[in-house]
There are 6 protein chains.
Amino acid sequence: MKGKTPKESHTIMNELVLPNDTNTLNNLMGGRLLHWMDIAAAISAQKHCNRIVVTASVDNVSFKHSIKLGDVITIEAKVSRAFTTSVEVRLDVWAQNIPSGTSVKSNEAYYTFVALDKEGNKINVPELLPETAEEIILYDGALRRRQLRLILGGKMHPDEATELKALFFSVEK
Amino acid sequence: MKGKTPKESHTIMNELVLPNDTNTLNNLMGGRLLHWMDIAAAISAQKHCNRIVVTASVDNVSFKHSIKLGDVITIEAKVSRAFTTSVEVRLDVWAQNIPSGTSVKSNEAYYTFVALDKEGNKINVPELLPETAEEIILYDGALRRRQLRLILGGKMHPDEATELKALFFSVEK
Amino acid sequence: MKGKTPKESHTIMNELVLPNDTNTLNNLMGGRLLHWMDIAAAISAQKHCNRIVVTASVDNVSFKHSIKLGDVITIEAKVSRAFTTSVEVRLDVWAQNIPSGTSVKSNEAYYTFVALDKEGNKINVPELLPETAEEIILYDGALRRRQLRLILGGKMHPDEATELKALFFSVEK
Amino acid sequence: MKGKTPKESHTIMNELVLPNDTNTLNNLMGGRLLHWMDIAAAISAQKHCNRIVVTASVDNVSFKHSIKLGDVITIEAKVSRAFTTSVEVRLDVWAQNIPSGTSVKSNEAYYTFVALDKEGNKINVPELLPETAEEIILYDGALRRRQLRLILGGKMHPDEATELKALFFSVEK
Amino acid sequence: MKGKTPKESHTIMNELVLPNDTNTLNNLMGGRLLHWMDIAAAISAQKHCNRIVVTASVDNVSFKHSIKLGDVITIEAKVSRAFTTSVEVRLDVWAQNIPSGTSVKSNEAYYTFVALDKEGNKINVPELLPETAEEIILYDGALRRRQLRLILGGKMHPDEATELKALFFSVEK
Amino acid sequence: MKGKTPKESHTIMNELVLPNDTNTLNNLMGGRLLHWMDIAAAISAQKHCNRIVVTASVDNVSFKHSIKLGDVITIEAKVSRAFTTSVEVRLDVWAQNIPSGTSVKSNEAYYTFVALDKEGNKINVPELLPETAEEIILYDGALRRRQLRLILGGKMHPDEATELKALFFSVEK
C-alpha cells in the first residue's frame, strides 16, 4: 500500500451558526461544534484510507472563545499520523464574525478513526508521509498523544509511555 | 451559597438512534453522540448552578463499541466537582438493542462548564458535596483531571501538577 | 411469557427547548412535544415488549402551561397495562426553567403501541404486573380508557362500555 | 368582528416521509405525524384568527395503517368551530404511495388552539359560519367534543355534559 | 399510456418559517425555499408520472421580497409539460404574515424531473393535456424554456432554438 | 472602498450525504444540494462584502449525475463579479464516493446576493478585481448572465441585452 501525504487528506468545512446550534445567550453549543468536527475529520480520514471509517476517540478539546449566532465556522482537517488500522486527524477551527470583521482561532483538536471494510472488519491503512516542518512535528507528537489515550483508556501503564514522559517531565531529565 | 449533592444534578437522557445519526454501515456517528452528551451534561450543570452554562471542555472520549441504528442510548450525567465558576460533569453512556436484548456500557466521559449571568459574565457556583463512596472517588479524581486539562491547554507546567504526577508516575516515587 | 413490572419499562427523557421547537412568542409548539412524548413512550413500550413497537393511538392531551425557549423538558414514561398484542404507556411531563427556578407539571398522557415481529406481524406481549398503589390505579383505569378509544374509533357501542359508564355517570347509578 | 367560513381557513400540507421520520421497519413514527398535523392545524387556526395561536389540546388520535418511507402525506385542515378565544380545527390525513398507486385515509383528528396577542394574552376570535352540510355536522359535534375534553381535563362533571350524554347513551333515552 | 391533466398533479404545500430557516436579519434563506420548492415539485411530478422522480434542473429563480420568521409559505405546483422521460413543473410561491395581514407573491419557478424505474433507468411518462387558457400558455412556453436550458447546458446551439429566438428577438422579425 | 480579489472570498464546504438528504433510490435530492450551495455562496458573498447578504437569485442549475448516500460533496464558491449593491458568486460542485474511488464534477452554478446593513437597507459593496485568466472570463461573462436574469425577471427588453445577444446569436453577426 503506497503511503500518502497530509495534503491528500486535507479537508475544509465551512458552517454557518444557525439558531438551533445556539443556547439562550446566542452562543454556539460545544456539542454541536464537536459534531461538525467529527464529520470534517471523518471525511479527511476517509480520503486517506479510501475506506469507511468510524470514530475511535476524540482527545481533550477546550472551548476558549464564545462563538455567536451568524458566525462562520471554518474547520480544517488533515491526517497527522497513520497507525496499522487507524489514523489520527488534526483539526484547526476558526470562527469569523464577518459583519464585525473579527476572527478567532477557536480550537485545536485530534480525532482518531478506525478503517473498516464493508463487513465492518478492521483493515490496514496507508502510511502517512509528512512533508512540511509542521507536519513532521504533528507526526512526531502523535506517539505521545497515543500513549496518553492508551493510559487514559486503561490500556497502558504510565511507565511504558516513554515519549509522553519525555514531554511532560522534561525538566526532570 | 449552599452546597449541593451530586443527586441534585442527576440527569437521565434517552435517545433513539435514527437514520441521520448513522454512517453507511448503520453505526451511530461519534460526533452525534458527543452532541447528545453535551446536552445531557449541560442540563446537569444547569441544575447544579441554577444558571446558564457554556461548555468549557470535553476530556478524552473513546468509542469502544459500535452502536447500531434503532438502538436506545441512555446517558446519565451528574456533577462530579465544582470549582469557583465552573463544574465538572461525569457522564456514563449505555447502548441497548432492545429486540436482540443486548446492552453495553458504551462510554465514560467528563465535560466541564462555566456558569454565566445574563450578561455573559462568569459567576460563582455552589460547592459540590459528594455523598457516596463512588462520588467521593470522582470528586477526588477531579483535581488530577483538571491539571491534565490545564497542561494540555498550555496553562500549567507539568511540574506543578502534583496530583497528576502522583497518579501517572506512582512507581517512580 | 413472564410478566413484567412497570419499573422495568420506566424511561426518563430530558430535552432542551431549542429555537426551532418554538413559535414566534418563543413558546414550545405542541406538536414538537407530542413528537418527543412519542419517542419516550416508544422506548418504554420497547423495554416491556422486547420488540419493535408502532404507535397505535394517543389519547386526548391538553397543554395547560406555555413552555419557553431554553426550558428543560423531563418526560417520564412507564407501561400502565398490557393487552394481548399492545401496551398502554403513561406519560408525565415537566418543564423546568432553571435560571428562574420555576418548574411545572406540564402534561399527563397515554400512548398505546402494538408490538411487531421483524416481518411486521402483531405478536403477543408480556403481562403487566403493577406493584405500587399508584400503578394499580393506572392499571385499573386502563380498561376505561381503552373503551373510550374503541368508542371514539367507532369499534365499540357506548352500551358495551361498562367500566367507562361507571366512571362517567356514577351519579346515575 | 366579522364571522368567517371554514373555507377561509382551509389549509393543505404535503410532506414526503424521509428516513429520519421512520422506525427500523421503515414505518412513519406516530409522533412525527402528530408534529406535522400540529403545524398544519396551527396554520389553519392562524388564518381564521389572524393571530398567533398556541396548541391547547389534541383529541384522541388513532393510527390504523402503517405509512411507509417515501409515501406522500396529505393533511387537510379547516376550522370546525370557534369559541370565545379558541378554535377547534378538523384534520384529515391521507397517505399515498405513488409508485405502487395505493392511497389510504390514514387519520381524522381535532386540535384546538388559543389565540394570543403580542403580549401573550388570550384574545377574542371571529365566529365560524359553516356552509356545507358536512361543515354543519362538524360544527354541531364540536360541543360534544369540547365537553369530553373538559371532562377528561377534570374541568366539567359528566352530569353537565348534556350533548355528550345524548351521543354516548342515545339508546338510554 | 393515457395522458393526464395539470389538475391531476396539482400539489399544495404549506410551511411555517422557523428560526433555523432564517439568517441573522430573521429573513428566510433562499436555499431553504429552493429545498421546499424541490420537494413540492417532486411530489407533483410523481403524481403525474406514478414513478420515482429525480430533479434534472431548476430554472432561474429570483427572490424579490424578504420573507420573515413566522410567515406561512404556500407553494403550488403542477406539471406544465411532459417530454419523453421528463416533466416540467411550474411553481407559484406566496408568503403570508398572518398577524399583520400581509401576503405577497414571492416566486414563480420551473423545475424539471426525470422519471425512473426501480433500477434507476429512465422511463416514459404520460403526455400532459392542458385544459385552461393559462395551462395552454404554460404548455406552449415550455418549449422555449427547454431550449434555453439546453443552450445554457451546452447541449444546443442558439441557432437551433427557434421558439426561444421568436420570444427574445421578436422585434427583429 | 478598496476592491477585492476572488481569492479573498474563496470558500470551500464539504458535506456528507446523510439518509435524510436522499430519496427512496438513495440519491441526493436536488433541493438539498441547492440549499447547501446557497449557504456556501452566502459565506463567500459575506467575505467579499463584510456584510449580511441575502439571496437575490439563482441561475439555471442542472443535475447531470446522481449522487449517492455516503458521498462527500465538495462545494467551492468565489465571487465572480460585484455590481453596485450585489455580487455574483460562482459555484463548482464535486461528488466523491471514497470507498469506490469515484469522483465527478456534479454542477456549476451562479447565485447572486444583495448586501444589507443592520436595518436591512441595500449598501454598496467593494469592486471585484479578477486576477487569473479564468477569473477574467467569469468576470466578463457576468454581464451576459445579468442581462439574462433581467430579461427572465421582466426587467429588461431583449433588445437592450447587447452582451447576451453577442453570445447567443454570434453567427448572425
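**Figure 1. Chain B on chain A: the superposition.** In this predicted model, chain B lies on chain A with an RMSD of 0.1 Å after a turn of 180° and a shift of 0.1 Å along the axis. The two copies are therefore related as by a two-fold rotation axis. Which residue of chain B comes closest to the rotation axis? B:N60 does, with its C-alpha at 2.3 Å. Both copies use the same surface: 100% of the contact residues of chain B recur in chain A.

**Figure 2. The interface of chain B and chain A: extent and polar pairs.** In this interface, 41 residues of chain B are in contact with 41 residues of chain A. The size of an interface is often given as the accessible area lost when the parts come together. Between chain B and chain A, about 3,400 Å² is buried. Carbon and sulfur atoms give 68% of that area. How many salt bridges does the rule find across the interface of chain B and chain A? The count is zero. Polar contacts do occur there: the rule finds eight residue pairs, with both residues of each at pLDDT 80 or more.

**Figure 3. The side of chain B that touches chain A: elements and residue classes.** Several elements of chain B each supply at least two residues of this side. Helices α1 (30-49), α2 (133-152) and α3 (162-168) are among them. So are strands β2 (52-58), β3 (61-62) and β6 (102-116). Which element gives the most to the side of chain B that touches chain A? It is β2(B), with seven residues. By class, the residues on this side of chain B divide into 20 nonpolar, 12 polar and nine charged. Across the same interface, the rule finds zero salt bridges.

**Figure 4. Chain A: fold order and dimensions.** Chain A holds three helices and six strands. From the N terminus on, the order is β-α-β-β-β-β-β-α-α. The C-alpha trace of chain A spans about 50 × 45 × 30 Å along its principal axes. What radius of gyration does chain A have? The value is 17 Å. A compact globule of 173 residues would have a radius of gyration near 16 Å, so chain A agrees with that expectation.

**Figure 5. Chain C and chain E: the superposition and the interface.** A rotation of 120° with 0.0 Å of shift along its axis superposes chain C on chain E, with an RMSD of 0.0 Å. These two copies are thus related as by a three-fold rotation axis. At their interface, five residues of chain C are in contact with six residues of chain E. Chain C and chain E bury about 400 Å² between them. Of this area, 69% is on carbon and sulfur atoms. Which residues of chain C lose the most area to chain E? They are C:N20, C:T24 and C:M29, together 79% of what that side buries. The side of chain C that touches chain E has two nonpolar, three polar and no charged residues. Across this interface the rule finds zero salt bridges. One residue pair is in polar contact, both residues at pLDDT 80 or more.

**Figure 6. Chain pairs without contact.** Chain A and chain D are joined by no contact. Their closest C-alpha atoms lie 18 Å apart. Chain B and chain E do not touch either. How many Å apart are the nearest C-alpha atoms of chain B and chain E? They are 18 Å apart.

Key:
Residues numbered from 1 in each chain as written. Chains lettered and ligands numbered in written order. Predicted model: local features only at pLDDT ≥ 70, side-chain atom pairs only at ≥ 80, totals over all residues. Heavy atoms only, no water. Least-squares fit on C-alpha atoms with pLDDT ≥ 70 in both. Contact = heavy atoms within 4.5 Å. Buried area = accessible area lost by both parts, 1.4 Å probe. Salt bridge = Lys/Arg side-chain N within 4 Å of Asp/Glu carboxyl O. Polar contact = N/O pair within 3.5 Å; in protein donor to acceptor, adjacent residues only side chain to side chain. Nonpolar A, V, L, I, M, F, W, Y, C, P; charged D, E, K, R; others polar. Helix = DSSP H or I, 4+ residues; strand = E, 2+ residues; numbered from the N terminus. Rg over C-alpha atoms; globule rule 2.2 N^0.38 Å.
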